[in-house]
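Reader: I am in my first year and still learning how to read a protein model. Could you take me slowly through one part of this structure, the place where aromatic rings meet, and then show me what else can be read in the same careful way?

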Amino acid sequence: MDFSLIAYGVSVYAGILALSTYAYFGLWEIEADAMPPYLADQGYTTKIFVNHVIDRIETIRLETASQSQAEVVTSGKVTPAEEVASYFGVNELIRAGQASFGLAPPRIELEVIQRDKTAHWRVRGTHALFGPTVETGKLDLESTEQLFESLAHHTISFLSPFEGAAYDLVADSRLGDYSQTIATTSALLRGCADEPTFVCTPSNIRVGHTIRGLANLNSGDIRAAFEDLQKANELYGKDAVATAFLGDGLRRLGEDEGARKRYDEALALDSEVGKQFAEFADGLAAAGNYPLAVERYETASMLDMETPEFMASWGDALIATGDNRAGLAKYLQAENLDTETDLFSEKIDSIKETLGELEKSNTNEVAPPATTKPAGAASE
């Protein structure tokens with residue numbers, strides 16, 4: 001035994017099973033056996049640790065709703081094992097049903113080991129596409145929230161790989177480097193072409209091309225972006241979301257007329273597609289990714305979204321990015337659309353007050369310094 005692995009003693013293991021009509025039968029469970037000392041010192045118990053991972057999984061779901069369009073992990077909720085309802089032994093019944101069909105519940109082990117001032121984590125289990133897989137990483141002990149995010153991200157990537165790729169896109173958007181997203185989606189698409197599993201559905205393959213297309217678009221590789229987005233749009237029949245994203249690409253190139261045609265085509269395919277982009281934006285904003293949320297609100301507006309609530313949400317996202325004036329404009333539009341209430345008046349007054357204070361502050365900062373006549377200068 002390598003005793004250096006347990007020099008600071010305790011690991012965390014969690015098995016995760018999921019209730020999902022799409023990917024797996026059964027129940028997702030999370031169990032943590034023990035805490036590394038540094039987490040215990042911060043007051044974490046095994047249950048608190050599990051709940052934090054669950055919370056991060058829920059946030060990732062919210063953020064990636066706009067990218068993945070995947071049906072997996074949307075029909076169930078991850079819940080700590082001891083809190084799962086077992087009325088009339090339903091847990092045992094589900095497990096018995098799995099066993100009768102020869103379906104081994106998908107299990108993922110999460111391990112955290114403390115060494116000096118570093119937390120080493122490992123995710124081990126059966127990847128839905130690649131089979132037995134191990135992912136590892138390390139973080140400074142101060143990066144507790146990042147630890148929860150990493151564990152949640154890799155858990156989703158094992159059970160729902162295309163949703164994991166969608167989160168790569170969201171995470172990369174914060175860095176401005178989309179190489180991880182491109183690598184992940186390329187590997188998934190190759191895997192589905194070479195040795196497909198149940199996750200290689202037409203919907204998910206389309207999702208993979210859409211995600212990679214957006215990553216290439218944001219990276220500036222327009223040719224590769226259009227290849228992927230066009231393939232997503234033509235694969236298994238045209239898709240309204242992929243078509244709208246093609247419009248985004250054309251708009252970014254300054255081809256407004258071509259973009260408008262794509263948006264009109266998307267609306268013809270699905271008159272509700274604008275609502276989808278508004279929901280995408282709401283999820284991103286709720287997760288704190290405001291710049292990407294603003295992009296989605298812009299697309300939704302191109303897809304005929306124009307309700308008071310939509311404009312207000314767009315305004316909030318703009319304000320969160322620091323663009324108070326644009327946010328005020330959206331709130332004024334919301335007020336103009338809502339002719340029956342004064343729902344937005346208080347917020348508008350607040351934004352105006354903030355803008356006034358900012359303008360006053362800027363005026364004071366740029367005021368020219370008082371000049372004094374040099375000593376000995378001749379007076380006129």
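Author: What follows begins with one pair of rings and then turns to the pocket and the disulfide. Please keep in mind throughout that this is a predicted model, and that the values below are computed from it.

A pair of aromatic rings is described by the distance of the centres and the angle of the planes. A search of the whole structure finds seven such aromatic pairs, and one of them is formed by Phe310 and Trp314, whose ring centres are 5.7 Å apart and whose planes make an angle of 50°. Because planes under 30 degrees apart count as stacked and those over 60 as edge-to-face, with the rest as tilted, this pair of Phe310 and Trp314 is called tilted. Where do Phe310 and Trp314 sit along the chain? Both belong to helix 13, which covers residues 308-320, and since they are four residues apart there, about one helical turn separates them. Phe310 has a relative accessible area of 5% and is therefore buried, while Trp314, at 7% relative accessibility, counts as buried too. Trp314 has a further neighbour, for Lys330 lies over the face of its ring, at 3.7 Å from the ring centre. Elsewhere, Tyr44, Phe49 and Phe148 form one aromatic cluster.

The next part to look at is the largest pocket, which has a volume of about 550 Å³. It is lined by 27 residues, and those closest to its centre are His153, His154, Asp168, Gln180 and Thr184. Strand 5 (131-140), helix 4 (144-159), helix 5 (161-175) and helix 6 (179-194) are the elements that each give two or more residues to this lining, and helix 5 gives the most, with nine residues. Sorted by class, the lining of the largest pocket is made up of 10 nonpolar, 11 polar and six charged residues.

The last part is the disulfide. A disulfide is a covalent bond between the sulfur atoms of two cysteines. The count for this structure comes to one disulfide, and it joins Cys192 to Cys200, with a distance of 2.1 Å from S to S. The torsion about the S-S bond of Cys192 and Cys200 is about -80°, which means that the disulfide is left-handed. Are these two cysteines buried or exposed? Cys192 is buried, with a relative accessible area of 9%, and Cys200, at 14% relative accessibility, also counts as buried.

Key. Residues numbered from 1 in each chain as written. Predicted model: local features only at pLDDT ≥ 70, side-chain atom pairs only at ≥ 80, totals over all residues. Heavy atoms only, no water. Phe/Tyr/Trp six-rings, centres within 6.5 Å; stacked < 30°, edge-to-face > 60°. Buried < 20%, exposed > 50% of the residue type's maximum accessible area, 1.4 Å probe, protein only. Lys NZ or Arg CZ within 6 Å of the ring centre and 35° of its normal. 1 Å grid on protein atoms, 1.4 Å probe; cavity = no way out; pocket = protein on both sides within 12 Å on 5 of 7 lines; lining within 4 Å. Points joined across faces, edges and corners; volume = space filled by probe spheres on them. Nonpolar A, V, L, I, M, F, W, Y, C, P; charged D, E, K, R; others polar. Disulfide = S-S within 2.5 Å.
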